[in-house]
Amino acid sequence: MKLRYFSHSSFQITTDAGQVLLIDPFIDDNPTCPVRAEELSADFIVLTHAHGDHVGDSFSIANRCDPLFIAVNELANYCIDKGFRAHNMHIGGAYEFGFGRLKFTIAHHGSMTPEGGYGGEPAGVVLSIDGINLYHTGDTGLFYDMKLIGEMTPIDYMLLPIGDNFTMGIGDAVKAVELTDPRVAIPMHYNTFPVIEADPHEFKRRVEALGKEAVVMDFGQELTLT
Ligand code: NI
Ligand code: MN
């Protein structure tokens with residue numbers, strides 16, 4: 001599978017079978033994103049929570065390609081109310097989709113919709129696709145149960161925020177890597193706005209000081225995950 005990073009918490013996964021998933025596609029209003037929403041399409045859109053910098057351009061993209069939204073119940077219903085297809089889930093639950101397995105995890109954050117409605121509980125997501133386990137934590141503070149998440153599903157790639165203010169900063173994110181023990185840590189949710197400025201290379205150095213691997217993805221870069 002391939003993983004492309006658009007900056008902030010926005011990623012595109014392309015499976016070996018050619019299915020495309022977007023996670024939290026915050027594109028056109030994202031000053032660090034190198035692509036435009038009109039260039040993107042998806043078979044599935046996974047949303048971690050309802051904040052505008054995560055729902056982002058989901059609906060304009062969905063208008064063109066009719067993807068299946070995957071989200072916790074209230075946020076899935078919000079997508080259905082907007083006229084789209086959605087698969088309702090909740091935290092702790094997993095489901096086998098055509099692309100692989102997806103499980104929602106806890107995240108400590110908020111989740112109000114752009115209209116001010118309740119977006120359900122914020123979440124992280126563990127994806128098992130093409131033999132790779134990938135944990136996108138969503139927006140969250142540090143929590144000790146990350147250790148449990150890593151024990152239940154050995155994580156190959158952990159995508160986690162380092163920008164501070166709304167989420168973990170670098171110090172807490174390094175601890176999150178220590179708890180979850182992924183094979184590779186990839187920082188996200190930084191440098192989009194002045195309030196979340198952080199140095200991803202400092203994060204990388206501190207993860208490497210634990211004897212672990214970190215990769216700083218360029219905005220727009222695509223990696224083949226093995
Ligand atoms: Ni948020
Ligand atoms: Mn956010």
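Which residues have the most contacts inside the largest nonpolar core? Leu-102, Leu-127 and Phe-203. That core has 78 residues. Helix α5, residues 170-180, gives the most to it, with six residues. One caution before I go on: this is a predicted model.

Let's stay with Phe-203. Leave aside its neighbours within four places in sequence. Phe-203 is then in contact with Leu-160, Ile-162, Ile-170, Ala-173, Val-174, Val-177, Ala-185, Pro-187 and Ala-214.

Now look at helix α5 itself. Which of its residues are buried? Ile-170, Ala-173, Val-174, Ala-176, Val-177, Leu-179 and Thr-180. And what do the buried residues of α5 pack against? Two helices are among the partners, α4 and α6, with α6 covering 200-208. The strands β10 (132-136), β11 and β12 (184-188) are partners too.

Next, the backbone just past that helix. Asp-181 comes just after α5 and takes a positive phi of about 60°. Asp-181 sits in the loop between α5 and β12. Its relative accessibility is 48%, so Asp-181 counts as partly exposed.

Why point this out? Most residues other than glycine have a negative phi.

There is another aspartate to show you. Asp-24 has a phi near 45°, again a positive value in a residue other than glycine. Asp-24 lies in the loop between β3 (20-23) and β4. Is Asp-24 buried or exposed? Asp-24 is buried, with a relative accessible area of 0%. Set that beside Asp-181, which is partly exposed at 48%.

On to the pocket. The largest pocket has a volume of about 190 Å³. What lines it? From the earlier part of the sequence, the lining includes Gly-92, Lys-103, Phe-104, Thr-105, Ile-106 and Val-126. The lining also includes Asp-145, Leu-148, Ile-149, Met-152 and Thr-153. The elements that give two or more residues to this lining are β8 (100-106) and α4. Strand β8 gives the most, with four residues. How does the lining split by class? Six residues are nonpolar, three are polar and two are charged.

Take one lining residue, Thr-153. Where is Thr-153? In the loop between α4 (146-152) and β11 (157-161). Thr-153 has a relative accessibility of 12%, under the 20% cut-off, so Thr-153 counts as buried. Beyond residues up to four places away in sequence, Thr-153 touches Val-126, Ser-128 and Asn-133. Val-126 is also among the residues that line the largest pocket.

Now the aromatics. How many aromatic pairs turn up in a search of the whole structure? The search finds 12. Here are two of them.

First up, Phe-44 and Phe-97. The ring centres are 6.3 Å apart and the planes stand at 70°, so this pair is edge-to-face. Phe-44 lies in strand β4, residues 44-46, and Phe-97 in strand β7, residues 94-97. The pair therefore ties together parts that are 53 residues apart in sequence. Both Phe-44 and Phe-97 are buried.

Then Phe-69 and Phe-84. These rings are 5.7 Å apart, centre to centre, with 50° between the planes, and the pair is tilted. Phe-69 is in strand β5, residues 68-72. Phe-84 is in the loop between α3 (73-81) and β6 (85-89). The two are 15 residues apart, and their pair links distant parts of the chain. Phe-69 and Phe-84 are buried as well.

There is also a cluster. Which residues do ring pairs link into it? Tyr-5, Phe-11, Tyr-190 and Phe-219.

Tyr-5 brings me to the last residue, Gln-221. Gln-221 touches Tyr-5, and also Leu-3, Arg-4 and Val-216, not counting residues up to four places away in sequence. Gln-221 is placed in the loop between β13 (213-214) and β14 (222-224). With a relative accessible area of 25%, Gln-221 is partly exposed. How far is Gln-221 from Pro-114 in space? C-alpha to C-alpha, 29 Å. In sequence, Gln-221 and Pro-114 are 107 residues apart.

To recap. The largest nonpolar core has 78 residues, and α5 gives the most to it. The largest pocket has β8 as the element that gives the most to its lining. Asp-24 and Asp-181 each have a positive phi.

Key
Residues numbered from 1 in each chain as written. Chains lettered and ligands numbered in written order. Predicted model: local features only at pLDDT ≥ 70, side-chain atom pairs only at ≥ 80, totals over all residues. Heavy atoms only, no water. Buried < 20%, exposed > 50% of the residue type's maximum accessible area, 1.4 Å probe, protein only. Contact = heavy atoms within 4.5 Å. 1 Å grid on protein atoms, 1.4 Å probe; cavity = no way out; pocket = protein on both sides within 12 Å on 5 of 7 lines; lining within 4 Å. Points joined across faces, edges and corners; volume = space filled by probe spheres on them. Nonpolar A, V, L, I, M, F, W, Y, C, P; charged D, E, K, R; others polar. Core = buried A, V, L, I, M, F, W, Y, C linked by side-chain atoms within 4.5 Å. Phe/Tyr/Trp six-rings, centres within 6.5 Å; stacked < 30°, edge-to-face > 60°.
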